[in-house]
Amino acid sequence: MSVIISPSLLSSDFLELGAEIERLNFVDDIWLHLDVMDGHFVPNLSFGAPVLAKIKTVSKHKLDAHFMVTNPDAYADSFKDLGLHNFTFHWETVAHQDRMIAKLKEHYPSVGISLNPATPLSVVPSYIWGKVDLVLLMSVNPGFGGQKFIPEIVDKVIELDQIRHKHGFKFSIQVDGGVTDENAGYLIQAGANNLVAGSYVFSAPNKDYMSRINKIR
Ligand code: DX5
Ligand code: ZN
C-alpha cells in the first residue's frame with residue numbers, strides 16, 4: 001500500500017492561504033487535511049464551509065476533512081456540496097455511528113471514523129470495520145497543531161493493522177498529531193498508510209514543503 005501524506009492546513013499561514021495551497025499543488029500523492037473545529041468538542045475554532053469552498057477552487061488535491069465537532073450530523077448536510085473527498089467524524093461524538101456512516105456514504109466518496117488517543121479500538125464493533133474507508137487514530141489530544149506525539153499510539157496502529165489483515169478489510173489507517181520524519185517510519189512499519197502532518201510540514205525552511213513531505217515518506 002502506498003503512503004499518502006495529508007498536510008494539515010491548520011499550521012499554514014492563513015494570511016496567505018491561497019499561496020500556501022498553491023505551493024502544495026506541486027507535490028504529488030498528497031491529500032489536503034482540513035481540521036474543522038467547533039469550540040465544543042475541542043477547545044479551539046478553525047474554519048468552516050465558506051473557507052473550505054474557497055480552498056476547493058485552488059487545490060488540485062483531494063480534500064480530507066476532519067470534523068472535531070460535537071454534532072457532525074449537521075455538518076454532513078451543510079458540507080455536502082463542497083467537493084470534499086473524505087469526511088471523518090469522531091466516534092465519540094455520535095450515538096448512532098452506523099446510521100451516520102450510511103448517511104455520509106450518500107454524499108462523500110470516502111468516509112472515516114476517528115478515535116481519540118484514550119478511546120480504545122474495542123469500542124468499535126467488528127461489523128463497522130468493513131463499512132469505513134479510513135480510520136483516523138489521533139496521536140495527540142485533538143484541537144491544536146504542534147503538540148507532542150503520543151508514542152503509545154504505535155501499538156494501537158499495530159493492533160488495528162492486525163484487525164485489518166485478519167479480516168481482509170480495506171480501510172486506510174491514518175495517524176494525526178505530532179507526526180514528523182522521526183516517528184513516520186515507525187508508524188508506516190506498524191501499518192499506517194496515511195499520515196497527517198501540520199507543524200512539521202509548514203515549519204519547513206524557505207517554505208519548501210515538498211522536502212518535508214518527502215522526508216516523512
Ligand atoms: C489536531 C489536528 C491535526 C493538527 C496536526 O487536533 O487534528 O490535524 O493540525 O498538527 P501537527 O502535525 O502539528 O500535530
Ligand atoms: Zn486533523
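In this predicted model, an oxygen atom of ligand 1 lies 2.9 Å from an N or O atom in the side chain of Asp35. Two further polar contacts (pairs of N or O atoms within 3.5 Å) are listed with it below.

| Residue | Partner of the ligand 1 oxygen atom | Distance |
|---|---|---|
| Asp35 | side-chain N or O atom | 2.9 Å |
| Gly146 | polar backbone atom | 2.7 Å |
| Asp176 | side-chain N or O atom | 2.8 Å |

Taken alone, ligand 1 exposes 380 Å², of which the protein buries 100% (Shrake-Rupley method, 1.4 Å probe).

The shell around ligand 1 holds 19 residues (a heavy atom within 4 Å), with Ser8, Gly143, Gly146, Gly198 and Ser199 coming nearest. By class, the shell comprises seven nonpolar, ten polar and two charged residues, Gly being counted as polar. At least two shell residues come from each of β2 (31-37), β3 (62-68) and β8 (194-197).

The protein chain has nine helices and eight strands (DSSP runs of at least four and at least two residues, respectively). Its radius of gyration over C-alpha atoms is 16 Å, close to the 17 Å that the globule rule (2.2 Å times the number of residues to the power 0.38) gives for 217 residues, so the chain is as compact as a globular protein of that length. Along the principal axes, the C-alpha atoms fill a box of roughly 45 × 35 × 30 Å.

Residues are numbered from 1 along each chain as its sequence is written, and chains are lettered from A and ligands numbered from 1 in the order written. Local features need pLDDT of at least 70 and side-chain atom pairs pLDDT 80 or more, while totals for chains, interfaces and linings use all residues; side-chain values use heavy atoms, without hydrogens and water.

Technical notes:
Polar contact = N/O pair within 3.5 Å; in protein donor to acceptor, adjacent residues only side chain to side chain.
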